[in-house]
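This text walks through one structure step by step. Please keep the sequence and the model in view while reading.

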Amino acid sequence: MDDWRNDRVQAALEGRNPTVLARLDASFAALGDVQFLPGYCVVMCDRPGINLLSDLPRRDRVRYLADVDLVATAVQTVCAARDAGLRRVNVEILGNTDAFLHAHIWPRYSWEPAEIVGYPVWGYPHSMWDDPATQVGPQHDELRTALTAEILRLHASPEFQLSV
């Protein structure tokens, strides 16, 4: 069987993507591959072959962006409860490397290095992205559980129901 990373969306649809936290209305919420900023998540469009936000019809775009908002809210809630140093949550839709629609949900902390804290996370050294200590794993199970619970709680909440 191919590595699930070769097609993360298809692997999520087949239940083989181990980073998936929850299935939402138009996406999958997933824990990011690296956790040097604890709580980093990715929201993947659940439709294979969708590369750009503009590839979706407007109604589906709105549903996807509502899922992104829900996950960002969950990340903010969970990370603020776990670390008083949470400053904000950044949302980015880039797609420059992986050719499928996904949004990055980055918690940002006051304890980040001064030369990086005010800039995009992509300024972190490559060593942080490749360091085995920052890779998602069993040491993140408690974080995974908390994020999943909050995502599912919000998803069931009338406040996050979208009628489009």
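In which helix is Glu 150 found? Glu 150 is found in helix H5. The model is a predicted one, and this helix is a convenient place to enter it.

Glu 150 counts as buried because its relative accessibility is 10%, and the cut-off for buried is under 20%. Apart from residues up to four places away in sequence, Glu 150 touches Ala 74, Thr 77 and Val 78. Helix H2 covers residues 58-82.

Leu 147 is also found in helix H5, which covers residues 141-156. Is Leu 147 buried or exposed? With a relative accessible area of 0%, Leu 147 is buried. When its neighbours within four places in sequence are left aside, Leu 147 is in contact with Leu 21, Leu 31, Gly 39, Cys 41, Ala 74, Val 75 and Val 78. Ala 74 and Val 78 are among the contacts of Leu 147, and Ala 74 and Val 78 are also touched by Glu 150. Not every part of the chain comes close to this residue: Leu 147 and Asp 7 are 140 residues apart in sequence, and their C-alpha atoms are 23 Å apart in space.

The whole chain can now be laid out. How many helices and strands does the protein chain have? There are 5 helices and 5 strands. Along the sequence they follow the pattern α-β-β-β-α-β-β-α-α-α.

The strands can be taken pair by pair. Strand S1, residues 20-23, pairs with S2 in the antiparallel sense over 3 bridges. A hairpin through 3 residues joins S1 to S2. In this pair, Val 20 has Ala 30 in S2 as its bridge partner. S2 in turn runs antiparallel to S3, and 5 bridges join these two strands. Here Leu 31 stands opposite Cys 41 in S3. Both Leu 31 and Cys 41 appear among the contacts of Leu 147.

In a regular strand the side chains alternate between the two faces of the sheet. Strand S2, residues 27-31, is mostly covered, with 5 of its 5 residues buried. Which residues of S2 point one way, and which point the other way? Ser 27, Ala 29 and Leu 31 point one way, while Phe 28 and Ala 30 point the other way, and all are buried.

Beyond S2, the pairing goes on from S3 to S5. S3 and S5 pair in the antiparallel sense over 4 bridges, and Val 43 stands opposite Ala 103 in S5. S5 also pairs with strand S4, residues 86-92, again in the antiparallel sense, over 6 bridges. In that pair Arg 88 stands opposite Arg 108 in S5.

Strand S5, residues 102-109, is mostly covered as well: 8 of its 8 residues are buried. Both of its faces are covered. On one side are His 102, His 104, Trp 106 and Arg 108, and on the other are Ala 103, Ile 105, Pro 107 and Tyr 109, all of them buried.

A loop residue gives another view of the interior. Where is Leu 56 found? Leu 56 is found in the loop between strand S3, residues 41-45, and helix H2. Leu 56 is buried because its relative accessible area is 3%. Leaving aside neighbours within four places in sequence, Leu 56 is in contact with Cys 45, Arg 47, Ile 50, Arg 61, Tyr 64 and Leu 101. The C-alpha atoms of Leu 56 and Arg 153 are separated by 27 Å, with their positions 97 residues apart along the chain.

Some totals complete the picture. Of the 164 residues of the protein chain, 44% count as buried. Among contacts with a separation of 6 or more, 56% are between residues 24 or more positions apart. The radius of gyration is 15 Å, which agrees with a compact globule because a globule of 164 residues would have a value near 15 Å. The C-alpha atoms fill a box of roughly 40 × 40 × 30 Å along the principal axes.

The accessible surface comes to about 8,700 Å², and 51% of this belongs to carbon and sulfur atoms. The chain carries 15 positive and 22 negative side chains, and the centres of the two sets lie 6 Å apart.

Note on methods. Residues are numbered from 1 along each chain as its sequence is written. This is a predicted model: local features need pLDDT of at least 70, side-chain atom pairs count only at pLDDT 80 or more; totals for chains, interfaces and linings use all residues. Side-chain values use heavy atoms; hydrogens and water are left out. The radius of gyration is taken over C-alpha atoms; the globule rule is 2.2 Å times the number of residues to the power 0.38. Buried means under 20% relative accessible area, exposed over 50%, partly exposed in between (1.4 Å probe, protein chains only). Contact means heavy atoms within 4.5 Å. Accessible areas come from the Shrake-Rupley method with a 1.4 Å probe; for residues, only the protein chains shown count as cover. Lys and Arg count as positive and Asp and Glu as negative; His and the chain ends are not counted. The place of a charge is taken as NZ of Lys, CZ of Arg, CG of Asp or CD of Glu. Two strands pair if DSSP finds at least two bridges between them.
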